[in-house]
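Thanks for making time this morning; I would like to talk through some aromatic contacts, and I will put the sequence and the model on the screen before I begin.

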Amino acid sequence: MRHSISPRIKQILFGVNLSLMLVVSAALGAESTGLSETVIFAVGDLAECDKDAPHEAPTARVAQLVKNSMAPILMLGDLAYPRGSESDFSNCFAPVWGELKERILPVPGNHEYETAGAKPYFDYFSDRASSNGLGYFVAQIDRWRVIGLNSNIDVSADSVQERWLKRVLAARPGKCTVAFWHHPRFSSGRHGDTPAMGAIWRDLHDAAVDIVIVGHDHDYERFAPQGPMGEHDPDRGIREFVVGSGGATLRPFEQIKPNSEVRDRDHFGVLKLTLGDAGYTWEFVAVDSDTFRDHGESLCHK
């Protein structure tokens with residue numbers, strides 16, 4: 001296996017029309033393992049510091065898990081409770097996560113939209129969130145395509161975002177791809193499934209996308225590869241991770257869904273992905289705990 005030299009996020013593309021996308025140069029270093037592999041983290045539902053001072057909140061302990069790394073962090077929405085306001089970001093999110101801002105690729109959650117148009121979210125992350133206030137983008141991390149989507153706006157078939165996604169998927173078929181957003185298509189947590197994401201899931205499945213990562217439910221859950229209707233599909237199915245374990249109050253599971261393989265509602269933590277040329281490994285890294293661990297590996301579809 002070849003050695004990786006200075007793996008980086010090469011570009012981030014935003015916009016509606018591919019030809020008009022803003023290309024943002026990114027000095028965001030990805031962490032190399034030295035074996036043509038790159039580490040990224042993912043976590044959502046973070047800064048619930050209306051209950052605790054920021055550095056005493058659970059999200060501060062979650063941040064410690066990634067602070068000594070250079071790896072990119074996919075943030076899955078609901079980043080600053082309760083309303084995603086300017087003060088929530090400045091007083092709650094920034095004191096803990098602000099120093100890692102240049103490593104973050106974010107998507108908005110529903111709590112960001114508790115403030116009109118999620119304006120403080122877009123103001124805070126600026127060109128790391130999008131150039132047009134729509135909140136979706138595609139980035140390239142080494143050989144992996146990374147697609148951030150906004151599940152708070154129209155995601156129905158033939159919506160502007162869904163048509164954009166189809167163009168992105170067709171423009172560069174890509175060997176390995178991960179997509180992330182806030183509301184889970186499938187979940188055993190309190191909020192449950194999000195049928196509105198069905199058209200998006202079908203597009204990703206048709207394009208042989210490998211991984212979807214979401215938040216919204218305050219727990220950790222891993223699913224076996226699934227097709228558009230939630231059917232087990234070991235050949236072309238998408239493996240979904242729910243990682244709403246970033247600091248907001250954890251909640252119990254309710255109706256356990258088919259193909260749910262691993263669940264935990266007792267530990268805050270992050271998902272660590274090690275991305276290789278033809279596959280990936282995953283590991284849930286918990287705060288202050290050796291009692292729960294989920295890990296495994298898989299090949300990409302293409």
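Let me start with a question: is Y124 buried or exposed? Please keep in mind that what you see is a predicted model. Y124 has a relative accessible area of 17%, and because the limit for buried is under 20%, this residue counts as buried.

Now to the ring contacts around this residue. The structure holds 18 aromatic pairs, and in one of them F89 and Y124 are stacked, with 5.4 Å from centre to centre and 25 degrees between the planes. That pair links distant parts of the chain, since F89 belongs to helix α2, residues 86–97, while Y124 belongs to helix α3, residues 119–125, and the two are 35 residues apart. F89, for its part, has a relative accessibility of 1% and is therefore counted as buried.

Both residues also belong to one aromatic cluster, formed by F89, F93, Y121, F122, Y124 and F125. In addition, K101 lies over the face of Y124, at 4.1 Å from the ring centre.

Let me turn to another pair. The ring centres of Y220 and F292 are 6.1 Å apart and their planes stand at 65 degrees, so this pair is edge-to-face. It, too, links distant parts of the chain: Y220 is in strand β11, residues 220–223, whereas F292 sits in the loop between β15 (279–286) and β16 (294–299), with their positions 72 residues apart in the numbering. Y220 and F292 are both buried.

Methods:
Residues are numbered from 1 along each chain as its sequence is written. This is a predicted model: local features need pLDDT of at least 70, side-chain atom pairs count only at pLDDT 80 or more; totals for chains, interfaces and linings use all residues. Side-chain values use heavy atoms; hydrogens and water are left out. Rings of Phe, Tyr and Trp (its six-membered ring) pair if their centres lie within 6.5 Å; planes under 30 degrees apart count as stacked, over 60 as edge-to-face and the rest as tilted. Helices (H or I, at least four residues) and strands (E, at least two) are DSSP runs, numbered from the N terminus. Buried means under 20% relative accessible area, exposed over 50%, partly exposed in between (1.4 Å probe, protein chains only). A charge sits over a ring if NZ of Lys or CZ of Arg is within 6 Å of the ring centre and within 35 degrees of the ring normal.
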